[in-house]
Structure formats: C-alpha cells, structure tokens
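Me: Please take a close look at a single part of this chain, and set that part in the context of its surroundings.

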Amino acid sequence: MNDRRFNAAQARRLDDPARLLWLPPDEIIAALHLRPGDTIADIGAGTGYFSVPLAQAAGPSGKVYAVDAQEEMLVWLRQKLAESGLSNVEAMQAEADCTGLPDASCGMVFLANVWHEFANRSAILRESSRILKAGGRIAILDWRPDVEPQAGPPLEHRLSASGAGGELRSAGFQHVANVNVGRYSWLVQGEKMQ
C-alpha cells in the first residue's frame with residue numbers, strides 16, 4: 001500500500017452523513033448521464049458511497065462492478081448491499097490496474113476520490129480502456145487543489161482537473177470535459193472512441 005491510499009481502518013468516515021452535504025451523490029450521478037441497463041466499473045469503490053446510487057441509476061437491467069483493492073472496504077460494502085436489497089452490484093477485490101473484468105465489458109469506468117492515490121495512472125487508463133466498450137466513457141472524480149476542505153487528502157497530494165484531462169487525451173480518450181462538483185471536487189469525463 002502506498003502512503004496515499006485511504007486507510008481502511010478509517011472506512012467509517014466514508015459514510016459520514018456530513019459527506020452528503022459536500023459531495024452529494026445525486027449531483028454526481030446526474031452529471032454522469034447514466035441510463036438504465038448501463039454496466040459500470042466503480043473502481044476504488046471503498047464502502048460503496050457511489051456503488052449504491054450507481055446501481056440504482058443503472059436499474060435492475062444494469063450492473064455495477066464495485067472494485068476495491070482492500071477487502072476491509074468490501075466488507076462494509078457487502079453489508080450495505082445486503083441492507084439495500086440491490087442485486088445488480090458485484091463486489092470484487094482487485095487493483096485498479098488489473099481488475100480482472102472482461103475486455104469491453106463496461107459502458108463506464110468511474111473512479112471517485114482515488115485518482116490522486118495512483119502512482120501509475122497510465123496503467124489505470126490502459127486497464128480502463130481495455131474494459132470499456134467502444135464509445136464507453138471514463139469519469140474521474142477527485143479533490144480540487146484550490147480549496148481547503150474539512151476532509152480529504154493533503155493539498156500536496158491533489159491533482160488538477162486539467163492535468164487529469166490531459167492524461168485522458170494522451171491515453172486516446174476524446175470529448176474530454178471537466179466540471180466542478182460538490183464543494184471540493186472536480187469531475188473529468190472522456191470517451192473511448194475505438
């Protein structure tokens with residue numbers, strides 16, 4: 001584990017009700033323009049803060065692969081899934097650069113608040129491209145470096161939206177766009193053309 005990976009011992013913080021105020025899932029889900037039947041890889045899913053609303057947006061005909069490297073996080077997620085009654089989420093332990101998902105199996109790859117944790121973001125983008133269908137989209141949500149929040153990583157660990165957009169373009173993604181969301185975050189999206 002690198003020094004930027006969120007400590008699973010603090011998993012309870014990820015479901016703090018105050019988080020709903022400064023990072024409202026509904027706002028993020030609306031910005032993703034999901035459709036019923038979508039298949040989404042939620043990479044770095046943690047305790048499922050976004051996995052559950054993603055699954056609700058995808059509907060019963062859709063699927064969410066909730067991928068996290070830390071089994072401790074997935075324990076929380078599985079409990080949340082059992083309580084929600086959702087059956088369209090599959091929790092998987094895997095690294096972001098080697099998800100184990102089939103080629104071209106997803107219409108969207110979603111990475112929330114983990115982009116700053118990755119040392120080799122190029123490998124993450126290669127894996128994302130591999131599992132995305134042609135025309136599939138990648139969405140990266142992370143912490144803005146220009147605001148000091150009540151929570152989140154230190155400012156020196158944060159990356160800019162423009163930098164993430166440049167990385168997407170370099171990896172071959174097109175129609176790259178970014179927007180600020182919530183109080184402290186940016187969202188960058190791009191499309192796989194081939």
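What follows is a connected reading of one strand and its neighbours.

Reply: The model is a predicted one, and the part chosen here is strand S4, which spans residues 106-112. As background, the chain holds six helices and seven strands, which from the N terminus on follow the order α-α-β-α-β-α-β-β-α-β-α-β-β, and buried residues make up 52% of its 194 residues. Residues 24 or more positions apart account for 72% of those contacts in the chain that have a separation of 6 or more.

Within this setting S4 is mostly covered, with six of its seven residues buried. Strand S1 is joined to S4 by four bridges, the two running parallel, and in this pairing Ile43 stands opposite Leu111 of S4. Strand S5 is also parallel to S4, with six bridges joining them, and here Phe110 stands opposite Ala139 of S5.

The link to S5 brings in helix H5, since S4, H5 and S5 make a β-α-β unit that is right-handed. The helix covers residues 121-131, and its buried residues are Arg121, Ala123, Ile124, Leu125, Glu127, Ser128 and Ile131. These buried residues of H5 pack against S4 and S5, and also against strand S1 (39-43), helix H6 (161-170) and strand S6 (173-181). Strand S4 is thus tied to S1 by four bridges and to S5 by six, while the buried residues of H5 pack against S1, S4 and S5, among other elements.

Terms used
Residues are numbered from 1 along each chain as its sequence is written. This is a predicted model: local features need pLDDT of at least 70, side-chain atom pairs count only at pLDDT 80 or more; totals for chains, interfaces and linings use all residues. Side-chain values use heavy atoms; hydrogens and water are left out. Buried means under 20% relative accessible area, exposed over 50%, partly exposed in between (1.4 Å probe, protein chains only). Contact means heavy atoms within 4.5 Å. Two strands pair if DSSP finds at least two bridges between them. A crossover is right-handed if, with the strands pointing away from the viewer, the path from the first strand over the helix to the second runs clockwise.
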